[in-house]
Amino acid sequence: MSTYYDDLETRSQDAREAAQLSALNDLLGRHKLDPLESLSDLATLPVLRKADLVERQAANPPFGGLPVANVAHVFQSPGPIYEPGGITHDWWRMGRFLHAARVGPGDIVQNCFGYHLTPAGHIFESGARAVGATVLPAGVGQTELQVRAARDVKVTAYAGTPDYLKVILEKADEMGVELGITKAGVGGGALFPSLRQYYADRGIACLQCYATADLGNVAYESSAMEGMILDEHVIVEIVTPGTGDPVEPGEVGEIVVTTLNPDYPLVRFATGDLSAILPGESPCGRTNTRIKGWMGRADQTTKIKGMFVRPEQVAALVAKHPEIARARVVASREGERDVMTVRLETEATDPAAFESSVADVLKLRGTVEIVPIGGLPRDGLVIEDARSYD
């Protein structure tokens, strides 16, 4: 098996950006938007959030009027959100990840992602076909039958959530059945180091990807296991939660993805997940940008004094005062009362100057604290819930 899925993985960043800009402008034309001069100009376009997509689809079902083509399947995810699916080669781009996980011809993949309504099962099956592997469409549940099938058809690779493979292996031990699984490609949840080591101790090399039902594969691990490498057909921005403004390189923020899929182009789709860009290139030789992986949720909406405070409101507060560089709302408790503290990173010195804006924008009164420039953590949080729920 060759090291790389294709030549795109080792091209120069200049060649990659030029190709992506050309493909992006073709898609923008389909959205009736003007072409961009550079990828950085994406930040001038609005962010599309899941709530926006739900609203659009409710008004114009099933796909909200987006320019969708070559639909072979229609899936439903919670929301509900409807996603199209295609059957052309590697439509969700999962083959790139499975190739990095050393899955290929001769492998039999036990696909334990669901096939009912949501697209996860089809996403991984499409990837397995792209790398020439055979698929056992197992889904989830009936673990004893899963063990018997894995043994009888001589399964060599697993696809599914990180923890379900452990359930299958423990059931096999209980049944006295020896399985031949040596590779695993997982997603849909965090792969904790202890679980990865558990698999390694059993001779199973386990890698993870970051994918969504709307976007397909976004990023994936290679054998280097240093961050996740971006797929070649997506453009990823890391932005301040609640805004579309890119953070500084290395800072934590919300993952916003533009997918260059001509059948289902999504421009600046906000995933609601947090991550950060890793500097440099992967030791495996792939040259694309890497992210640190999943680092939490960007939707930090928090109820304080019975009222919801949302990241978009914090962003609006910053936008209202150019002298504010950043803001962070902290929810805490004093006795049995909620307390809201608004920390503002600014060169201004008078907290009282911002009190009326805080009450107007956040719809709550709170204590305003001035923090020097650079004084707020770069951890992606704009709303911090410091209350104890024990």
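Q: What makes both faces of strand β3 (residues 108–111) count as covered?

A: In this predicted model, Ile108 and Gln110 on one side of β3 and Val109 and Asn111 on the other are all buried. Buried stands for under 20% relative accessible area, so each side of β3 is covered by that test. The two-sided split has a simple background: in a regular strand, side chains alternate between the two faces of the sheet.

Q: How do you know that β3 pairs with strand β4 (residues 134–137)?

A: Pairing asks for at least two bridges, and four join β3 to β4, so the two strands are paired. They run parallel, and Asn111 stands opposite Pro137 in β4.

Q: What joins β3 to strand β5 (residues 157–160)?

A: Three bridges do, and these strands run parallel. With at least two needed, β3 and β5 therefore pair. Here Val109 stands opposite Ala157 in β5.

Q: Which unit do β3, helix α4 (residues 120–130) and β4 make?

A: They make a right-handed β-α-β unit. The name fits because, with the strands pointing away from the viewer, the path from the first strand over the helix to the second runs clockwise.

Q: Why are helices α6 and α7 called oblique to each other?

A: Helix α6 (residues 164–175) and helix α7 (residues 193–201) pack at an angle of about 40°, with their axes 11 Å apart. Roughly parallel would take an angle under 35 degrees, and roughly perpendicular 65 to 115, so α6 and α7 are oblique. Their crossing is left-handed. Leu165, Lys166, Leu169 and Glu170 of α6 make the contact with Leu195, Tyr198 and Tyr199 of α7.

Technical notes. Residues numbered from 1 in each chain as written. Predicted model: local features only at pLDDT ≥ 70, side-chain atom pairs only at ≥ 80, totals over all residues. Heavy atoms only, no water. Buried < 20%, exposed > 50% of the residue type's maximum accessible area, 1.4 Å probe, protein only. Axes fitted to C-alpha atoms, helices over the stretch in contact; angles between N-to-C directions. Parallel < 35°, antiparallel > 145°, perpendicular 65-115°, else oblique. Left-handed = near helix turned anticlockwise from the far one by under 90°. Contact = heavy atoms within 4.5 Å.
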